[in-house]
Amino acid sequence: MLNFLEGQQPNAAGNTIITVVMLVAMIALFYFFMYRPQKKQEKETNAMRNSLAVGDEITTIGGIIGKIVSIKDETLLLETGRDKVRIRILKSAVRNVDVRAEDAQ
């Protein structure tokens, strides 16, 4: 009976090592396919929002399209439509820049 248990010990240790290696591999895959690309996208979005300039035509997260009239700290003044309606929004509400000010001129 004792020989039977001794034969199982190395096999159990081998299974534990395989389980730990698989767990580490899953965490590495999660990092490379989920976390890393998300951080890269956040960095690009922050760079885009920090490079906003007066005259840029933007689209907000809510779908409002307009031209930037002024920028102050974390807010900007957006001019929309023919009526020249002005809306104050947060920089974090900008989805993308449609036309840069230097490209429009």
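In this predicted model, strands β1 and β2 form a hairpin with 4 residues between them. Within the turn of that hairpin, G63 has a positive phi of about 95 degrees. Strand β1 covers residues 57-60, and its pairing with β2 is antiparallel over 3 bridges. Two positions show how the strands are matched: the bridge partner of E57 in β2 is K67, and T59 stands opposite I65 of β2.

Strand β2, which spans residues 65-72, also pairs with β3 in the antiparallel sense, here over 5 bridges. These two strands form a hairpin as well, with 2 residues between them. D73 lies in the turn and has a positive phi of about 40 degrees. Along this pairing, K72 has T75 of β3 as its bridge partner, while S70 has L77 of β3.

From β3 the chain leads on to a further hairpin, formed by β3 and β4 with 4 residues between them. The turn contains G81, whose phi is positive at about 65 degrees. Strand β4 consists of residues 85-90 and runs antiparallel to β3, to which it is joined by 6 bridges. Residues already met in the pairing with β2 appear here again: T75 stands opposite L90 in β4, and L77 stands opposite R88 in β4. T75 thus faces K72 of β2 as a bridge partner and L90 of β4 as well.

How enclosed is strand β3 by the rest of the structure? Of the 6 residues in this strand (residues 75-80), 5 are buried, so β3 is largely enclosed by the rest of the structure. A residue counts as buried when its relative accessible area is under 20%.

The strands can now be placed in a single arrangement. An open sheet is formed by 5 strands in the order β4-β3-β2-β1-β5, with antiparallel pairing. Its edge strands are β4 and β5 (94-99), each of which pairs on one side only. From one strand to the next, the twist averages 45 degrees. In general, the strands of a sheet pair through backbone hydrogen bonds, either parallel or antiparallel.

Attention now turns to helix α1, which comprises residues 2-50. L29 lies in this helix, and its relative accessible area of 48% means that L29 is partly exposed. L29 also belongs to a nonpolar patch on the surface, together with F30, Y31, F32, F33, M34 and Y35. The accessible area of these residues together is about 790 Å².

Several members of this patch also take part in contacts between aromatic rings. A pair of aromatic rings is described by the distance of the centres and the angle of the planes. In the whole structure, a search finds 2 aromatic pairs. The ring centres of Y31 and F32 are 5.1 Å apart and the planes stand at 80 degrees, so this pair is edge-to-face; the class requires an angle over 60 degrees. For Y31 and Y35, the centres are 5.7 Å apart and the planes are at 35 degrees, so the pair is tilted. An angle of this kind is neither under 30 degrees, which would count as stacked, nor over 60. Y31 and Y35 both lie in helix α1 and are 4 residues apart, about one turn of the helix.

Through these ring pairs, Y31, F32 and Y35 are linked into a cluster. Are its residues buried, partly exposed or exposed? Y31 counts as partly exposed because its relative accessibility is 38%. F32, at 46%, is partly exposed, and Y35, at 40%, is also partly exposed.

Conventions. Residues are numbered from 1 along each chain as its sequence is written. This is a predicted model: local features need pLDDT of at least 70, side-chain atom pairs count only at pLDDT 80 or more; totals for chains, interfaces and linings use all residues. Side-chain values use heavy atoms; hydrogens and water are left out. Rings of Phe, Tyr and Trp (its six-membered ring) pair if their centres lie within 6.5 Å; planes under 30 degrees apart count as stacked, over 60 as edge-to-face and the rest as tilted. Buried means under 20% relative accessible area, exposed over 50%, partly exposed in between (1.4 Å probe, protein chains only). Two strands pair if DSSP finds at least two bridges between them. Patches are made of residues with over 30% relative accessible area and no salt bridge: like charges are joined within 9 Å, nonpolar side chains (Val, Leu, Ile, Met, Phe, Trp, Tyr) within 5 Å. Accessible areas come from the Shrake-Rupley method with a 1.4 Å probe; for residues, only the protein chains shown count as cover. A salt bridge is a side-chain nitrogen of Lys or Arg within 4 Å of a carboxyl oxygen of Asp or Glu. Axes are lines fitted to C-alpha atoms, for helices over the stretch in contact, and angles run from 0 to 180 degrees between N-to-C directions.
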